[in-house]
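I opened my notebook to look up two things: charged pairs and pockets. The structure comes first, then my entries.

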Amino acid sequence: MAAGKFYSSRRWLAFCADMADMPTGSITADLPGGGLAALPVSVTGGTTHPFYDCPALLRARGLPAPPPFGLLAGPRFGYQADLLVTPGADRAQAAARLRAAVEEAGLPTLAPYLSTRDVMDLRAGGVTAPPVLLTADAWLRVPAGGWEEYLSTLSGRRAENIRKERAAFAAAGYDVVEAPLGEWAEHAARLLAVTEAKHGHHADPSVYLRMLTLQAKHLGESARVILCGPPGEPPVGHVLYYIHDGTLRLRSAGFDYARLRGAAEYFNVVVYLLFERAVEAGARWFHAGIASTEAKALRGFELRPLWLLDLTAGGPLDGLDADVRAANARTFASISTTPFLTRSWRLGEDDERWLATA
């Protein structure tokens, strides 16, 4: 059921459960022929990253929110949630039975970071709330021809800038190391804490160390880091990634900004070195997640929408389709600040219907 869906895989959900300070589990529904539909869930509350505070996300968009106590559908980490269905089962029927199971649970249930396909399946299954645009998700198809074919897909100016950034990084003289996360968790946690603080997410470094240590515990050798640093010195940058079912997924990154040498370290570590790793591994896709949207789009990533959907019957968004479309249009405009970014989205008819864009 979770094939191709890393953030709904057993090991990732085990990590989420170990990190959670509120109960976790799943809502399931039996299907004809012995199939199953499922959504991971957790009780809301406890320590919540702002990106997972669904009521606050709705209020920030000028939309009404359900009571704060309820269920969060999907994993609490990763910014991707999935409707899980036994392969071959009718997805609309599975969504309908799962929606009935959610209603039976009797708690407001919000599902953030859903794909358009899952949103449409859930609505076909009877969910009545309109989908709320949260953010853009960045994806890059890994070409069979590797690095040179990748550069050929970009404008000549952008390709030349990337060559210069790679040359500057090579000239900086960093040692580059790749290893299992468990061997470098303490260094990675220190770097991650610095980066999170730069973006206003302050936490004790021990919090990040616990998070990374638990990822290493549950994901084992598949949790990999690439680090760079001056020879004989502690690392100045790192990126954590996973390869799952043909997709390389960027999970997190951190940098000691005061010690960087002005050699485009962020893009080299987070994009170019990971792209090379994706090619070596034979991955078909490079998933770079949310945030830094413009920088990723300029480097060839396509943008896909991620949605929040209220799965409960009679929720506060029911009947507010026009208001939600207007809010979605504002969110889309806040991300697509240039014509280039607007063109970088991969949108189908269902997306455009809810974005109020042509």
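My entries on salt bridges and one pocket follow.

**Entry 1: the model and the count**

I noted at the start that this model is predicted. I then asked how many salt bridges a search of the whole structure finds. The search finds 17. I reminded myself that side chains of opposite charge can pair when their charged atoms come close.

**Entry 2: arginine 91 and aspartate 118**

I looked up arginine 91 and found its side chain in a salt bridge with that of aspartate 118, at 2.6 Å from N to O. Where do the two residues lie? Arginine 91 is in helix 3, residues 91-105, and aspartate 118 is in helix 4, residues 116-124. The two are 27 residues apart in sequence, so this pair ties together separate parts of the sequence. I also checked whether they are buried or exposed. Both arginine 91 and aspartate 118 are buried.

**Entry 3: arginine 91 again**

I found arginine 91 in a salt bridge with aspartate 121 too. Here the closest N and O atoms are 2.5 Å apart. Aspartate 121 lies in helix 4 and arginine 91 in helix 3, so the pair ties together parts that are 30 residues apart in sequence. Both arginine 91 and aspartate 121 are buried.

**Entry 4: aspartate 121 and arginine 117**

I followed aspartate 121 to another partner. Its side chain meets that of arginine 117 in a salt bridge, 3.9 Å from N to O. How far apart are they in helix 4? They are four residues apart, so about one helical turn separates them. I compared their burial next. Aspartate 121 has a relative accessible area of 15%, so it counts as buried, the cut-off being under 20%. Arginine 117 has 53% relative accessibility, so it counts as exposed, the cut-off being over 50%.

**Entry 5: a network**

I also looked for linked salt bridges. Glu178, Glu221, Arg224, Arg277 and Glu280 are joined in a network of them.

**Entry 6: the second largest pocket**

I turned to the second largest pocket. Its volume is about 630 Å³. Which residues lie nearest its centre? Of the 28 residues in the lining, they are Gln80, Asp82, Ser115, Trp139 and Arg304. I listed elements that each supply at least two lining residues, including helix 4, strand 5 (109-114) and strand 6 (132-141). Strand 10 (247-255) and strand 12 (302-310) each do so as well. I sorted the lining residues last: 10 are nonpolar, six are polar and 12 are charged.

Key: Residues numbered from 1 in each chain as written. Predicted model: local features only at pLDDT ≥ 70, side-chain atom pairs only at ≥ 80, totals over all residues. Heavy atoms only, no water. Salt bridge = Lys/Arg side-chain N within 4 Å of Asp/Glu carboxyl O. Buried < 20%, exposed > 50% of the residue type's maximum accessible area, 1.4 Å probe, protein only. 1 Å grid on protein atoms, 1.4 Å probe; cavity = no way out; pocket = protein on both sides within 12 Å on 5 of 7 lines; lining within 4 Å. Points joined across faces, edges and corners; volume = space filled by probe spheres on them. Nonpolar A, V, L, I, M, F, W, Y, C, P; charged D, E, K, R; others polar.
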